[in-house]
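Colleague: I'm new to this one, could you walk me through it?
Modeller: Sure, have a look first and then ask away.

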Amino acid sequence: MISLRHIRKRFRDGERDVEVLHDLVLEVARGEFTAVVGASGSGKSTLLYIAGALDADFEGDAVVAGRNLRDLDARQRAAFRNESVGFVFQSFNLLPALPAVENVMLPGLFVPRGTPAPTLSQLRTRALEALDRVGLADKASRHPGRLSGGERQRVAIARALLSRPAALLADEPTGNLDARSGEGVIQLFGDMRRDGVTVLVVTHEERVSGAADRVLHLEDGKLR
Amino acid sequence: MRIRSLVHLAALNLRSDRRSTLVNTAAACVGAAALVFFVALGMGVGQAARLMFPGDARLLEVVPGAVSLGDALGGGALDDAAVARLRELPGVEGAWRRLSLRVPIAASRAPEGVRMNWPAGFTVQVPVVGVDEGLVSGDLARGRDFRDPPPGQPIPVLASRRLLEVYNKTIAPAWNLRRLPPGLDLVGLQIPVRVGFSIIPLKTEDKVYDARLALAGLSDRVPLYSLAIPVETVRRLHQEYGKADPGYSSVVLETRRPDDVPGVAESVRRMGFAVDEGERAIAERVGLAITVTAGALALLALLMTALAALAIAQSLSASVRGRTRDIAILQAVGATAGDVRALVLAEAALVGLAGGVLGVLVAWLAARGADAAALRFLPDFPFRPETFFSFPPWLFVLGVGVSAAAAVLGALAPAALAARVDPARTIA
């Protein structure tokens, strides 16, 4: 499902180049819940953004959900992000001006050309179903500012699931949550894995990695 | 991104930032309102001016030259030979004779069939000019002839279309006469006159007899304060009263196109005749003044629209900078750079459309207010229009369209800025 081979990623830091990922190799099978742990600044998020086609500036081969990401142009990468992967971020990344249901509907508004687009009412229905799945159907009309941290992250998960992606990519998903909310999110990841969704989580929290099928350590730009 | 999704998301974004949306809409509204108001004013005043000065851009009035060397240079009197030569000039479609009647005609009674408080003993001298039927044939009422009538029959006359308005607004109030009702069908009206009679001492002819003038139509090609009768009737009356015939008073040339007028005028002058700019020149000058004024006002309004677009551009740029993270999130869920660009442009277009619709409404209300104020404070004068504004349907479309287009133009730079957001870097 996720196949990253010989990935190199460099950043420019002032006058010097810093290689954050060094000949990295990662294989994740379909329906597998994999956790990548590592220290802050080790390149965990970068790895995730490469796998999710948010970052196209890397060396190596990345094949995710059957698509070779190096072959995709900007428009195809956007379509890939819309159809094949769902992102969950540490800071939730919800649009504060929109109610929960509109936030969940967002991926449905950017359905690529050539794909049948749902009507707004169909999209709303699907968004409400996704919110129901994460236990927030009754808070659909609330804006993010009126939701707790755990609820916001569940809205973000509902948004990631709207397009029924093959892979869910989560970047420190419990980093801003208390223990109870974090448990709820981890449980949702487990449910998704059972539904056949491939889950790749980067984290430094043991409670998350403890729930994964496999835990990989990112050190010196490589996975061990 | 589908249009409905685009509009949906743009509307949500605008609703979420109400203050900025209101300010931008107000800016677009001011621009559109100014544009529509001034264009409507220019067109309305132009229409009113054309009623006052109905100049025909293809007509040219030729009069005898002030100084003539006679037949040596081909000038001199405007006789039939001269008329024939004028008719042959390149660009001339028709040459119509005008001959002032030198036999006095006076009216001492009200026209038949019209209720008027005609003062007892009141006599009006009637200036009369003879014209060719061809000049006014388009203005004759259906079934009416414009030929010299047999003895005892009423003489057909044409009056200026503007005379009724001038009478009602100027002559009637000044002389305390009854005004003629608006919409009155004057055609067929018969005016009893005394041929040969003058109100000026010693100018009355030896022979005076009663006759009737029958109105055959109204025409803008008849001088304002004259009645037009067939040129043959004038010639007959001149013979009847032994008046010498020094040639026609003027000849009206009708050119094929307005652009032919300067060339024809030049040829006429070379023939030794003069060109009476008269009403045509006034109409042209008034038209030019109105066009220049309306153009300047429209330009000012366009400037205001451009300023509104700049204000929207500045506001949207600030908004885009403030929403960089939101834009990155949209890209993370599948928005392309084109989607992001379209979204910012759609927001601007919605603001421009809303501002345009409001602006058009404001302009229309302001025009109604200005008309009401004019009705109340301006004195009545001939051809004072019911409204000083003209609102053809296309003007509403123009107002909304220009407003939306200006807003979209203003949003091009912010949209490009938004499309350059790097999602990975921004979210990280």
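**Domains, helices and overall size**

Colleague: What distance separates the centres of domain 1 and domain 2 of chain B?
Modeller: This is a predicted model, where local features need pLDDT of at least 70 and side-chain atom pairs count only at pLDDT 80 or more, while totals for chains, interfaces and linings use all residues. Residues are numbered from 1 along each chain as its sequence is written, with chains lettered from A and ligands numbered from 1 in the order written. An automatic or database domain assignment splits chain B into domain 1 (3-54 + 284-427) and domain 2 (59-277). Taken over C-alpha atoms, the centres of domain 1 and domain 2 of chain B are separated by 52 Å.

Colleague: How do α2(B) and α10(B) lie, parallel or oblique?
Modeller: Helices here are DSSP runs of H or I, at least four residues, numbered from the N terminus. The axes, lines fitted to C-alpha atoms over the stretch in contact, with angles from 0 to 180 degrees between N-to-C directions, come within 6 Å for α2 (residues 18-52) and α10 (residues 337-377) of chain B and cross at roughly 45 degrees. Under 35 degrees counts as roughly parallel, over 145 as roughly antiparallel, 65 to 115 as roughly perpendicular and the rest as oblique. That crossing angle therefore makes α2(B) and α10(B) oblique.

Colleague: What radius of gyration does chain A have?
Modeller: The rule for a globule is 2.2 Å times the number of residues to the power 0.38, with the radius taken over C-alpha atoms. For 224 residues a compact globule would come near 17 Å, and chain A agrees, with 17 Å.

Technical notes:
Helix = DSSP H or I, 4+ residues; strand = E, 2+ residues; numbered from the N terminus.
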